[in-house]
Amino acid sequence: MNDKDETRGTPEPGEQPEASGTPQTPEHREPSESREVHEDREAGETPTPAREPGVPDERENPGPDGEPAAGDAPGSDQLTGRQRLAAGMWPPRVTRAQLIVALLLFVLGLGLAIQVRSTTENSALRGARQEDLVRILDELDNRTQRLEDEKRRLETQRTELENSSDQAEEARRQTVQKEQQLGVLAGTVAAEGPGINLTVSNANSVQADMLLDAIQELRAAGAEAIQLNDVRVVADTYFSDVDGGVRVDGKRISPPYEFKVIGKPQDLEPALNIPGGVVQTMEKEQATVSIERAEKIVVDALRSAERPDYARSSS
């Protein structure tokens, strides 16, 4: 029996010792590892579990969209580029110099906007044709001249009234003269004086608006009395188109159209012949236009003086 025990207790070379009947505890197998775990528990720390091969560590890899993983604590040194950029831009740090520059840029932009708007509003004449600009300038010059003449005439009347010994008689004379002038303008009395004869023939395609343009041009040039065929043209004259002619103040007239105009011939004729004016417009419609100056033009077509129904003199 002793020989068997000795043979069992001494293993031969190359053989593994047989397991004993008494199980070994972890303290017997790994005394060093047990002591480390015990020290960690005494220090209050949780032991870090071992990482399996092939499994990434969540603390080292950031989450999706550059956000830190769940294991990262706020304020960690491991910040992404986007996080550092956001931290540098917010909250904004504005200096006094930057505020001054922003204010100056705002004022400059406001000034440019106002300048552009004013330029746009005042550019109505910039797109006008040269013919239109010449016509506008001529009309302004003629109106200025007529206003200067009216001013001198009124000053002369005032001087005559002041220097006259019989001021009542002088006032009556001026009243009669004024009545005659108003009668000429109203078409209730005949008139004569220098002017032009305007004849429009072959005018089958000439419409009422073209004749109205001619009247407006003549008035702007200083015409004092106008007669179209046998109709006296006054302030309330109107035109309308009819078959084969034009209706003026309800009266039908047919071509050729003859204008008798009293005024300064040197002003009336150029006003009709300006580029793009009345003459060129009618000639484009295959009409024939002729203008003749005369020292004496007689306008004898009359209109009845109509009493207004509602308007009364305020004096």
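**Exercise 1. Describe the second largest pocket: its volume, its lining and the classes of its residues.**

Solution. The volume of the second largest pocket is about 340 Å³, a value computed on a predicted model. Its lining consists of Leu182, Gly183, Ala186, Thr188, Val234, Asp236, Arg303, Ser304, Ala305 and Glu306. Sorted by class, these are four nonpolar, three polar and three charged residues. Glycine is counted with the polar residues in this sorting.

**Exercise 2. Find the volume of the largest pocket and the elements that contribute to its lining.**

Solution. Begin with the volume: the largest pocket holds about 930 Å³ of space. Next, take the residues around it. There are 27 in the lining, and those closest to the pocket centre are Arg146, Leu185, Gly222, Ala223 and Glu224. Then turn to the elements. Two or more lining residues come from each of α6 (130-163), α7 (167-186), β2 (225-228) and β3 (231-233). Helix α6 has the largest share, with seven residues. Last, divide the lining by class: twelve residues are nonpolar, five are polar and ten are charged.

**Exercise 3. Decide how the span of helix α8 stands to the expected value, and list its buried residues.**

Solution. Helix α8 covers residues 208-220, which is 13 residues. The expected span is 1.5 Å times one less than the number of residues, and for α8 this comes to 18 Å. From first to last C-alpha the helix reaches 18 Å, close to that expectation. For burial, the cut-off is under 20% relative accessible area. The residues of α8 that are buried are Ala208, Met210, Leu211, Ala214, Ile215, Glu217, Leu218 and Ala220. As background, an α-helix has 3.6 residues a turn, so residues three or four places apart point the same way. Just after the helix comes Gly222, with a positive phi of about 105 degrees. Gly222 is also one of the residues closest to the centre of the largest pocket.

**Exercise 4. State how many cavities of 30 Å³ or more there are, and describe the lining of the largest cavity.**

Solution. The count is one cavity of 30 Å³ or more. About 50 Å³ is the volume of the largest cavity. Around it stand Arg135, Asp138, Glu139, Asn142, Glu217, Ala220, Ala221, Ala271 and Ile274. Both α6 and α8 give at least two residues to this lining, and α6 has the largest share with four. By class there are four nonpolar residues, one polar and four charged. Two of the lining residues, Glu217 and Ala220, are also among the buried residues of α8.

**Exercise 5. Work out the strand order and the edges of the two sheets.**

Solution. Take the three-stranded sheet. It is open, with the order β4-β5-β6 and antiparallel pairing. Its edge strands, β4 (239-242) and β6 (251-253), each pair on one side only. Neighbouring strands are turned by 30 degrees against each other on average, direction ignored. Three bridges join β5 (residues 245-248) to β6, and Val246 stands opposite Ile253 of β6.

Now take the five-stranded sheet. This one is also open and antiparallel, in the order β3-β2-β7-β1-β8. Since β3 and β8 (288-299) each have a single partner strand, one side of each is left without a neighbour in the sheet. The average turn between neighbouring strands here is 20 degrees, direction ignored. Inside the sheet, β1 (residues 191-201) and β7 (residues 257-262) run antiparallel and are joined by six bridges. Lys260 in β7 is the bridge partner of Asn197.

Methods. Residues are numbered from 1 along each chain as its sequence is written. This is a predicted model: local features need pLDDT of at least 70, side-chain atom pairs count only at pLDDT 80 or more; totals for chains, interfaces and linings use all residues. Side-chain values use heavy atoms; hydrogens and water are left out. On a 1 Å grid over the protein atoms alone, a cavity is a set of points where a 1.4 Å probe fits but cannot get out, and a pocket is an open set with protein on both sides within 12 Å along at least five of seven lines; lining residues have an atom within 4 Å of a point. Grid points are joined across faces, edges and corners, and a volume is the space filled by probe spheres set on the points. Buried means under 20% relative accessible area, exposed over 50%, partly exposed in between (1.4 Å probe, protein chains only). Two strands pair if DSSP finds at least two bridges between them. Axes are lines fitted to C-alpha atoms, for helices over the stretch in contact, and angles run from 0 to 180 degrees between N-to-C directions.
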